[in-house]
Amino acid sequence: SGSPTSYRLAILESASTTPSTSNYLEYDIVLDGNNFVERTGLVLSAGQKVWVRSPTSSLAINVYGYETSTT
């Protein structure tokens, strides 16, 4: 969207559906209109989830990753 918005980014444990304060990596970060943020280097354990929230429906979220074996 051309309008600014904010977002929150957290990593949740497998049983969680709502983040606690310690889960947030970013909280109410303002994103200018027609702009993007790229986060790299996030490492999740098996079962963890990426959680993102924005007060507007015009924010698009894409998550890319891969899983490796620990054996």
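The protein has three strands and zero helices, and the model described here is a predicted one. Read along the sequence, its elements follow the pattern β-β-β. The three strands form an open sheet in the order 2-1-3, and their pairing is antiparallel. Strand 1 is mostly covered, with eight of its eight residues buried.

**The sheet**

- Strands of a sheet pair through backbone hydrogen bonds, and the pairing can be parallel or antiparallel.
- In this protein the pairing is antiparallel, and the strand order is 2-1-3.
- Strand 2, residues 24–31, and strand 3, residues 49–53, stand at the edges of the sheet. Each of these two has a single partner strand, so one side of each is left without a neighbour in the sheet.
- From one strand to the next, the twist averages 15°.

**How strand 1 is joined to its partners**

- Strand 1 covers residues 5–12 and is joined to strand 3 by five bridges. The two strands run antiparallel.
- One residue at this junction is Leu12, whose bridge partner in strand 3 is Lys49.
- Strand 1 is also joined to strand 2 by five bridges, and this pair runs antiparallel.
- On that side, Ser6 stands opposite Val30 of strand 2.

**Cover of strand 1**

- In a regular strand, side chains alternate between the two faces of the sheet.
- Which residues of strand 1 are buried on each side? Thr5, Tyr7, Leu9 and Ile11 are buried on one side, while Ser6, Arg8, Ala10 and Leu12 are buried on the other.
- Both faces of strand 1 are therefore covered.
- For the protein as a whole, buried residues make up 21% of the 71 residues.

**Asp28, in strand 2**

- Asp28 is found in strand 2, and it has a positive phi of about 50° although it is not a glycine.
- Is Asp28 buried, partly exposed or exposed? Its relative accessibility is 36%, and the partly exposed class lies between 20% and 50%, so Asp28 counts as partly exposed.
- Leaving out residues up to four places away in sequence, Asp28 touches Ser6, Tyr7 and Arg8. Those three residues are among the buried ones of strand 1.
- Asp28 and Trp51 are 23 residues apart along the chain, and their C-alpha atoms are separated by 13 Å.

**Residues in the loops**

- Asn23 is found in the loop between strand 1 and strand 2.
- Asn23 has a relative accessibility of 15%; buried means under 20%, so Asn23 counts as buried.
- Not counting residues up to four places away in sequence, Asn23 touches Leu9, Ala10, Ile11 and Leu12.
- Asn34 is found in the loop between strand 2 and strand 3.
- Asn34 has a relative accessible area of 66%; exposed means over 50%, so Asn34 is exposed.
- Phi of Asn34 is near 55°, a positive value in a residue other than glycine.

**After strand 3**

- Val63 has its place in the segment after strand 3.
- At 57% relative accessibility, Val63 counts as exposed.
- Val63 lies 49 residues from Ser14 in sequence, and the two are 17 Å apart in space, C-alpha to C-alpha.

**The protein as a whole**

- Taken along the principal axes, the C-alpha atoms fill a box of roughly 45 × 25 × 15 Å.
- What share of the contacts with a separation of 6 or more comes from residues 24 or more positions apart? Such residues account for 65% of these contacts.
- The protein exposes about 5,600 Å², and carbon and sulfur atoms supply 48% of this area.
- There are 4 positive and 6 negative charges, and the mean positions of the two sets are 8 Å apart.

Technical notes. Residues are numbered from 1 along each chain as its sequence is written. This is a predicted model: local features need pLDDT of at least 70, side-chain atom pairs count only at pLDDT 80 or more; totals for chains, interfaces and linings use all residues. Side-chain values use heavy atoms; hydrogens and water are left out. Two strands pair if DSSP finds at least two bridges between them. Helices (H or I, at least four residues) and strands (E, at least two) are DSSP runs, numbered from the N terminus. Axes are lines fitted to C-alpha atoms, for helices over the stretch in contact, and angles run from 0 to 180 degrees between N-to-C directions. Buried means under 20% relative accessible area, exposed over 50%, partly exposed in between (1.4 Å probe, protein chains only). Contact means heavy atoms within 4.5 Å. Accessible areas come from the Shrake-Rupley method with a 1.4 Å probe; for residues, only the protein chains shown count as cover. Lys and Arg count as positive and Asp and Glu as negative; His and the chain ends are not counted. The place of a charge is taken as NZ of Lys, CZ of Arg, CG of Asp or CD of Glu.
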